[in-house]
Amino acid sequence: MRKVLKMIISKQFLHAIFFLAITIVQAQDQSGFISIDCGTSDSAYRDQTTGIRYLPDTNLTETGENKDISSTYKLQTDDQQQLWNVRSFPEGTRNCYTLKPTKGNDTRYLIRAGFMYGDYDNLGQPPVFDLYLGVDFWDTISFKDEATLVNQEIAYIPFWDDIYVCLVNTGNGIPFISVLELRPLNNDTYDSQTGGPLQLLDRYDFASAKDRVTRYKDDPFDRFWSPFYVDIWKPLNTTEVFNSSYLNPYMLPFDVKRTAYTLNISSADMGITLKKLNTTFRYFFFMHFAELQKLRKNHTREFNISTDGFISYGPLVPLYLEVTTIRSVHGTRPDREGNIQIVFNQTQNSTLPPLINAMEIFILKEVSGKMTNQEDVDAILNIKLVYGLKRNWQGDPCSPKTYRWNGLNCSYNPPSIISLNLSLSGLKGGISPYIADLVMLQSLDLSNNSLNGPVPEFLGQLSSLTVLNLKGNNLTGPVPAAILERSNNGSLKLRVDDYLINNQTLSTSGSLGKNKFFAPLVASIDHHGPPKVDFWQDPLSPSKWKEEHVSFSFSIYNFQYCRRNSTFFVVGLRILLWIIALMTWFVPLRSSPSSLRPSITFPTSYRILKSNNNIGV
């Protein structure tokens with residue numbers, strides 16, 4: 001199947017100058033860079049090789065422990081201070097870093113996470129764990145040995161302003177991280193047809209002039225270019241200055257673009273075969289070409305690019321000291337054996353064989369885009385900040401569903417917070433107005449905290465709210481009319497402390513409103529002397545009675561009151577029973593020696609009404 005590739009060139013000189021200015025600024029002050037030394041206990045420092053300023057991760061994650069790698073492995077990384085320590089995460093399943101790029105969510109970023117085990121835990125067993133970007137799986141992190149350095153890099157335009165990089169414990173050891181970096185890119189680079197992120201597989205500097213990785217300051221985007229050497233090809237190089245009036249947006253470092261490979265034998269073709277690839281992935285290639293030789297008039301270098309036997313692009317004539325980038329548009333899938341073959345075919349008009357300076361290989365990552373509504377994220381983070389909650393609320397609140405924040409429930413079309421349970425969370429102060437920003441909220445439980453102040457009006461304005469529990473706080477009344485109205489019409493199940501509604505009404509369904517119940521009173525009293533009834537002990541709890549000179553039973557009827565379980569009802573009933581008990585002193589009745597313990601029974605109808613009460617229970 002023919003793969004269509006596209007040449008990326010600069011179309012306007014002024015546009016090129018604009019990008020050049022940006023590059024110069026970035027090279028001078030690392031504009032937009034985020035460089036985190038994870039797990040360090042030191043303050044900020046500058047890397048001795050690159051001059052990049054690294055910061056500790058204190059303010060980017062809320063969990064984890066700082067650990068130093070073994071001194072043996074520290075000696076092996078003498079020139080990379082950011083690998084000397086790690087942050088490990090022994091607690092929780094998902095732990096996240098929150099990055100806040102200064103350029104916002106309309107910029108493409110290179111995000112790179114580095115991991116070196118270095119036997120930091122003295123176990124000699126490198127873990128295996130998962131890495132997530134936002135709500136989507138990025139890759140599984142594993143190691144060949146204790147000294148293996150694993151770098152994961154991805155080119156990505158975020159959906160929201162914040163970027164979450166999360167480590168997930170899969171039960172195969174404690175996750176950790178050494179270094180986390182973010183670099184702004186030009187938006188017209190490293191794009192895919194779908195707009196999805198591209199995960200780096202390899203980045204090669206062909207016939208490199210130096211035997212080490214090229215990065216910042218040589219590369220304004222701080223990409224890692226690995227040297228690539230092969231014996232069967234002929235290296236080319238130059239020290240000439242490249243044409244500054246032509247600016248390729250990929251901005252290859254000079255040391256990368258000044259070397260190339262070509263054929264050293266009389267063959268028309270040169271090729272690259274990638275093996276053992278994942279047959280379910282689509283691979284994107286970014287190939288960079290520049291003529292390094294001043295060709296004679298009768299010499300020509302011209303070739304086609306074929307992918308798996310089909311011409312993908314061509315003919316291509318590399319420009320002298322100017323970089324041309326050819327990129328995949330739709331991506332390429334491997335064959336059944338997991339192979340992709342790229343061949344550079346010399347055309348009949350060409351007198352010179354093909355060449356190539358550098359190549360980058362990426363994997364297209366599928367993204368769900370199912371991140372929690374940004375307004376909900378902002379609201380719940382503000383609530384967390386206001387109350388100083390010490391929960392492991394990191395990453396996206398709702399997604400993935402498996403790692404949803406504790407105390408939340410969400411709907412998923414699109415992801416929104418519909419339930420918030422902060423019961424027994426030690427909350428103090430007033431009810432946060434940020435709760436009003438959770439516009440899809442259906443259930444709110446703030447019970448059994450130390451909240452004070454009035455019940456706010458905005459709770460009645462949350463149109464989706466059907467359950468509200470404010471019991472067990474120090475709130476002041478009255479309950480706002482809008483909340484009472486919704487409780488009375490049955491659209492809101494309300495639970496509040498009795499004292500907040502003593503001067504208001506509640507309905508039989510558990511909302512506030514009128515309530516009538518009847519108390520038929522039939523008393524038979526056996527007299528054994530002066531009654532002694534403790535007025536302040538609850539006559540509804542016979543086990544609390546210590547003086548037992550009166551035995552009577554009653555059932556309640558024809559007693560109307562505006563609210564069951566109210567203080568007024570209980571006190572009134574106590575007074576009534578006390579009066580009845582006093583009357584036994586003056587009305588001698590037939591005694592019953594077997595009735596020495598008071599017995600109080602309630603008819604079934606009253607018990608049912610009591611069990612159905614949704615307020616004050």
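**Notes on the predicted model: sheets, a helix face and a cavity**

1. Let's start with one pair of residues: G429 has L451 as its bridge partner in β31. Keep in mind that you are looking at a predicted model. The pairing of G429 with L451 belongs to the contact between β29 and β31 (residues 450-454), two strands that run parallel and are joined by two bridges.

2. Step back from that pair and you get an open sheet. Three strands make it up, in the order β29-β31-β33, and their pairing is parallel. On the edges sit β29 (428-429) and β33 (474-476), each of which pairs on one side only.

3. Now for a single residue in this sheet, S450, which lies in strand β31. Is S450 buried, partly exposed or exposed? With a relative accessible area of 35%, S450 counts as partly exposed, because that category runs from the 20% limit for buried to the 50% limit for exposed. Beyond the neighbours within four places in sequence, S450 is in contact with L427, K428, G429, N473 and N474. Two of those names, K428 and G429, are the residues of edge strand β29 (428-429), while N474 falls in the other edge strand, β33 (474-476). If you want a distance to check in your viewer, try S450 to G430: they are 20 residues apart along the chain, and their C-alpha atoms are separated by 9.0 Å.

4. Next, have a look at β28 (residues 415-421). This strand is mostly covered, with six of its seven residues buried. Strand β27 (residues 408-412) pairs with β28 in the antiparallel sense over five bridges, and the two form a hairpin with two residues between them. One pair to pick out there is S411, whose bridge partner in β28 is S416.

5. β28 has another pairing as well. Together with strand β30 (residues 443-445), β28 pairs in the parallel sense over three bridges. Here the example is again serine with serine: the bridge partner of S419 in β30 is S443. So that β28 isn't read as purely antiparallel, note both senses: antiparallel with β27 and parallel with β30, the pairings themselves being assigned where at least two bridges are found.

6. Helix α5 (residues 481-488) has two sides worth telling apart. I483, L484, R486 and S487 are buried. Why do they count as one face? Looking down the axis of α5, the buried residues fall within an arc of 165 degrees, so they line one face of the helix. A481 and E485, on the other side of α5, are exposed. R486 is the charged name in the buried set, so don't read that set as purely nonpolar.

7. What do the buried residues of α5 pack against? The partners are β32 (467-469) and β34 (493-495). After α5 comes G490, with a positive phi near 85 degrees.

8. Much earlier in the numbering there is another open sheet of three strands, in the order β5-β6-β13, and the pairing here is antiparallel. Its edge strands are β5 (65-68) and β13 (176-177), each pairing on one side only. Strand β6 (residues 85-88) runs antiparallel to β13, and two bridges join them. For a concrete pair, go to R87: its bridge partner in β13 is I177.

9. W84 is a residue to click on in the loop between α2 (71-76) and β6. At a relative accessible area of 23%, W84 is partly exposed. Setting aside neighbours within four places in sequence, W84 is in contact with D68, I69, K74, T77 and D78. Among these, D68 belongs to edge strand β5 (65-68), and K74 to α2 (71-76). W84 and S70 are 14 residues apart in sequence, with 8.4 Å between their C-alpha atoms.

10. Last, the empty space inside. Rolling a probe the size of a water molecule over the atoms shows where such space is left. How many cavities of 30 Å³ or more does the structure hold? There are six. The second largest cavity has a volume of about 60 Å³, and its lining is made of L133, D136, F137, I154, Y156, P197, K365, E366 and V367. Two elements, β10 (136-141) and β11 (149-156), give two or more residues to that lining. By residue class, the lining of the second largest cavity has six nonpolar residues, three charged ones and no polar ones.

Key. Residues are numbered from 1 along each chain as its sequence is written. This is a predicted model: local features need pLDDT of at least 70, side-chain atom pairs count only at pLDDT 80 or more; totals for chains, interfaces and linings use all residues. Side-chain values use heavy atoms; hydrogens and water are left out. Helices (H or I, at least four residues) and strands (E, at least two) are DSSP runs, numbered from the N terminus. On a 1 Å grid over the protein atoms alone, a cavity is a set of points where a 1.4 Å probe fits but cannot get out, and a pocket is an open set with protein on both sides within 12 Å along at least five of seven lines; lining residues have an atom within 4 Å of a point. Grid points are joined across faces, edges and corners, and a volume is the space filled by probe spheres set on the points. Buried means under 20% relative accessible area, exposed over 50%, partly exposed in between (1.4 Å probe, protein chains only). Contact means heavy atoms within 4.5 Å. The arc is that of the directions from the helix axis to the C-beta atoms.
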